[in-house]
Amino acid sequence: MAEYRIDDLARVSGVSVRNIRVYQDRGLLPSPGRSGRTAVYTDAHLSR
């Protein structure tokens, strides 16, 4: 399973970082996991 930081997720999904944050705020995208202080997104976030 691939892991992405928010900027990587935005690049491969074709949406902006701002849109990803809006999707999280509206409950359309689950919150990311954490690795230390870094938010980690997975393929499940990408497919969603």
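The legends below describe an overview and several close-up views of a predicted model.

**Figure 1. Overview of the chain, with three helices and three strands.**
Read from the N terminus, the elements follow the order β-α-α-β-β-α. The C-alpha trace extends over about 25 × 20 × 15 Å along its principal axes. The chain has 48 residues, and 25% of them count as buried. Its accessible surface is about 3600 Å², and carbon and sulfur atoms account for 45% of that area. Counting contacts between residues at least 6 apart in sequence, 44% link residues that are at least 24 apart. Charged side chains number 8 positive and 5 negative, and 7 Å separates the centres of the two sets.

**Figure 2. Close-up of the salt bridge between Arg 5 and Asp 7.**
The structure contains two salt bridges, and this view shows the one that joins the side chains of Arg 5 and Asp 7. The distance from N to O is 3.2 Å. Arg 5 has a relative accessibility of 45% and therefore counts as partly exposed. Asp 7, with a relative accessible area of 36%, is partly exposed as well.

**Figure 3. Close-up of the salt bridge between Asp 8 and Arg 11 in helix α1.**
Helix α1 covers residues 6-13 and holds both partners. Asp 8 and Arg 11 are three residues apart, which is about one turn of the helix. The closest N and O atoms of the pair are 3.2 Å apart. Asp 8 is partly exposed because its relative accessible area is 22%, a value between the limits of 20% and 50%. Arg 11 has a relative accessibility of 60% and so counts as exposed.

**Figure 4. Close-up of Ile 6, a buried residue of helix α1.**
Ile 6 lies in helix α1. Its relative accessibility is 17%, so Ile 6 counts as buried, the limit being under 20%. Beyond its neighbours within four places in sequence, Ile 6 is in contact with Val 17, Ile 20, Arg 21 and Tyr 41. The view also takes in Ser 16, which is 10 residues away from Ile 6 in sequence. In space, the C-alpha atoms of Ile 6 and Ser 16 are 9.3 Å apart.

**Figure 5. Close-up of Ser 16 in the loop between α1 and α2.**
The loop that holds Ser 16 comes before helix α2, which spans residues 17-25. A polar atom of the Ser 16 side chain lies 3.1 Å from the backbone nitrogen of Asn 19. Ser 16 counts as partly exposed because its relative accessibility is 36%.

**Figure 6. Close-up of Thr 42 in strand β3.**
Strand β3 runs over residues 38-42 and includes Thr 42. With a relative accessible area of 17%, Thr 42 is buried. Leaving out residues up to four places away in sequence, Thr 42 touches Met 1, Ala 2 and Tyr 4. The backbone nitrogen of Thr 42 also lies 3.0 Å from a polar atom of the His 45 side chain. His 45 is the subject of the next view.

**Figure 7. Close-up of His 45 in helix α3 and its surroundings.**
Helix α3 spans residues 43-47, and His 45 is located there. His 45 has a relative accessibility of 10%, so it counts as buried. Apart from residues up to four places away in sequence, His 45 touches Leu 9, Leu 29, Pro 30, Ser 31, Pro 32 and Val 40. A polar atom of the His 45 side chain is 3.0 Å from the backbone nitrogen of Thr 42, the residue shown in the previous view.

**Figure 8. Close-up of Ser 47, an exposed residue of helix α3.**
Ser 47 is found in helix α3. Its relative accessible area is 63%, and Ser 47 is therefore exposed, the limit being over 50%. The side chain of Ser 47 comes to 3.1 Å from the backbone oxygen of Ala 44. For orientation, the view can be related to Arg 26, which is 21 residues from Ser 47 along the chain. The C-alpha atoms of Ser 47 and Arg 26 are separated by 17 Å.

Notes
Residues are numbered from 1 along each chain as its sequence is written. This is a predicted model: local features need pLDDT of at least 70, side-chain atom pairs count only at pLDDT 80 or more; totals for chains, interfaces and linings use all residues. Side-chain values use heavy atoms; hydrogens and water are left out. Helices (H or I, at least four residues) and strands (E, at least two) are DSSP runs, numbered from the N terminus. Buried means under 20% relative accessible area, exposed over 50%, partly exposed in between (1.4 Å probe, protein chains only). A polar contact is a pair of N or O atoms within 3.5 Å; within protein, one must be able to donate a hydrogen and the other to accept it, and residues adjacent in sequence count only if both atoms are side-chain atoms. Contact means heavy atoms within 4.5 Å. A salt bridge is a side-chain nitrogen of Lys or Arg within 4 Å of a carboxyl oxygen of Asp or Glu. Accessible areas come from the Shrake-Rupley method with a 1.4 Å probe; for residues, only the protein chains shown count as cover. Lys and Arg count as positive and Asp and Glu as negative; His and the chain ends are not counted. The place of a charge is taken as NZ of Lys, CZ of Arg, CG of Asp or CD of Glu.
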